[in-house]
Amino acid sequence: MFSRFLVLLSVARLLASAVFGAEGPPKSGLSLAVFDIDATPPIGSLMAYDPVTNKWDLGLRARGVVLLGAGQPIVLCAVDWIGIANEGYDAFRAGLAQAADTIPQRVALHSLHQHDAPDCDFSAEKILIEAGLEPRQFESGFQRQMLGQLERAVRAALPGAKPLTHLGLGEARVEQVASNRRILGSDGKVRAVRYTACTDPALRAEPEGTIDPVISLVSLWSDEQPVAVLSYYATHPQSYYRTGIPNPDFPGVARFLRQLAVPSALHVHFTGAGGNIGAGKYNDGSPQNRRVLAERLADGMRRAWESTRREPLTPNMVGWTVEPVALPVSRDLDEAQFEAQLKGRDARFLATGGASRLAWLRRCAAGHPIDVTCLRLGRARILHLPGELFVEYQLAAKAQRPELFVAMAAYGDYAPWYIGTAIAYEQGGYETTPPASNVGPGAEAELLRALRKLLRD
């Protein structure tokens, strides 16, 4: 009887080999690789605002996923830096694409926008060096080293990719973290700005204003095991900063707490459209409040995780679409004026990131578009956008397809800086002033056009 069983088993193996080849039956088709590296700059290097003087228990991370089996690989990457702009953004997308054997258009790269963190703009560095000036925070030695490490991490992760069988989607309201920074008067104009740390009791007593209180959680599973958890929440990520110590601030602490709670999955957090959103109503800037905000955000993540509903995921349920946009340059940006300030070594040009703004102007003049992309995962649509986007864009995207699970990551290409709504440029307030925004009010029509197309395709 046993010998007959062996004969039947051998026949089955021969038939399988003949039909499927030497590797046996085909897999489901989808798989997921995860990567995670330290992105903390060394002591003595420059961050966006200050030199690094020390390190904290939690450093900065660059982490993400590579989705395989649905056409060319798709890369999602989140970095704990203030921003990656212009040629720096291009170089990181190209490097990640090469490492994952895909194309840059299928790479979504985002910063979380913490302020005790590095800046990255290879274009700005080049402009300053060619003018005989110190590149300051744009000096790219560490950033280029990081890019090489990131490429190696992606390559090393690919052989260990796990079969991807299920998608999990969950949402929850985050309590007492986000508030709108722009407080309008009876005339419809901004009468006060409630920054991410606010000590004025009258401003803190103002209503939350327009926000998106929901944190969206997308989990990717290999049968019963979660492999990655992607979270999306719209707010500036600052509790306090200018410490000289690189740190991921309260979203990084919340991410760490959830990593401890669900250790089998890599937790990757993305900052949503939080350009005009901060914790100012609930944050007086005291160091102790970082823990409070982190625990509130982690609690929202927990409840979104507990509300998660899983569903099978197959290759035909995954899609990737790209819509290039040409954002209109702010009328207040003058290339000739920037060139004169650069030649004259104007301190204002250096202090206000003039080299990065000049690089943005040149790229726009050369017709360089920005890719807005959408990842389709079953009934989920995950949008990837540039700059410090106002929350109204995120709310508009969700209203466009209320029957779907829509999430948004902003702070892609950081070159535009703040991107307000059209009316915001008439209302006043810091975010839409010439020192803060590199685009004009026409950006709204262009971005909403792209969002409509991506969400309808």
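In this predicted model, Ser 111 makes a convenient point of entry. Leaving out residues up to four places away in sequence, Ser 111 touches Val 79, Trp 81, Ile 82, Gly 83, Ile 84, Ala 410 and Tyr 411. The residue belongs to strand β5, which covers residues 107-111. Its relative accessibility is 2%, so Ser 111 counts as buried, the limit for that class being under 20%. Asp 80 lies 31 residues away from Ser 111 along the chain, yet 5.8 Å separates the C-alpha atoms of the two.

One of the contacts of Ser 111, Ile 82, leads on to the largest pocket. Ile 82 is among the residues that lie nearest the centre of this pocket, together with Tyr 49, Tyr 414, Trp 417 and Tyr 430. The lining amounts to 30 residues, and the space within is about 650 Å³. Two elements, β6 (119-121) and α9 (347-351), give two or more residues each to this lining. The largest share is that of β6, with 3 residues. Sorted by class, the lining holds 16 nonpolar, 9 polar and 5 charged residues.

The second largest pocket holds about 260 Å³ of space. It is lined by 17 residues, and closest to its centre are Asn 180, Arg 182, Leu 184, Thr 210 and Glu 392. At least two lining residues come from each of β10 (182-184) and α12 (424-427). Of the elements involved, β10 gives the most, namely 3 residues. Here the classes divide into 6 nonpolar, 6 polar and 5 charged residues.

Turning to the sheets, one of them is open and has 5 strands, arranged as β14-β13-β12-β8-β16 with mixed pairing. The edges are taken by β14 (266-271) and β16 (309-312); each has a single partner strand, so one side of each has no neighbour in the sheet. From one strand to the next the twist averages 20°.

The pairings within this sheet can be followed strand by strand. Between β8 and β12 there are 8 bridges, and the two strands run antiparallel; in this pair His 166 stands opposite Trp 221 of β12. Strands β12 and β13 are likewise antiparallel, joined by 7 bridges, with Ser 216 facing Tyr 232 of β13 across the pair. The hairpin that β12 and β13 form has 2 residues between its strands, and Asp 223 takes a positive phi near 55° there. The next step changes direction: β13 (residues 225-233) pairs with β14 in the parallel sense over 6 bridges. Ser 231 stands opposite His 269 in β14. How many residues of β12 are buried? The count is 8 of its 9 residues, so the strand is largely enclosed by the rest of the structure.

Helix α7 (residues 289-306) lies across four strands of this sheet, β8 (166-173), β12 (214-222), β13 and β14, and runs at about 50° to β12. Arg 290 has its place in this helix. Is this arginine, Arg 290, buried or exposed? With a relative accessible area of 5%, Arg 290 is buried, since that class takes in values under 20%. Apart from neighbours within four places in sequence, Arg 290 is in contact with Trp 56, Ser 239, Tyr 240, Asn 247, Asp 249 and Phe 250.

Another open sheet is made of 4 strands in the order β17-β18-β19-β21, and its pairing is mixed. Strands β17 (318-325) and β21 (405-409) form the edges, each pairing on one side only. The twist from one strand to the next averages 15°. Strands β18 (residues 370-377) and β19 (residues 380-384) run antiparallel and are joined by 5 bridges. Within this pair, Leu 375 stands opposite Ile 382 of β19. Helix α11 (residues 391-400) packs on the sheet, where it touches β19 and β21, and its direction makes about 160° with that of β21.

Methods:
Residues numbered from 1 in each chain as written. Predicted model: local features only at pLDDT ≥ 70, side-chain atom pairs only at ≥ 80, totals over all residues. Heavy atoms only, no water. 1 Å grid on protein atoms, 1.4 Å probe; cavity = no way out; pocket = protein on both sides within 12 Å on 5 of 7 lines; lining within 4 Å. Points joined across faces, edges and corners; volume = space filled by probe spheres on them. Nonpolar A, V, L, I, M, F, W, Y, C, P; charged D, E, K, R; others polar. Pairing = 2+ DSSP bridges. Axes fitted to C-alpha atoms, helices over the stretch in contact; angles between N-to-C directions. Contact = heavy atoms within 4.5 Å. Buried < 20%, exposed > 50% of the residue type's maximum accessible area, 1.4 Å probe, protein only.
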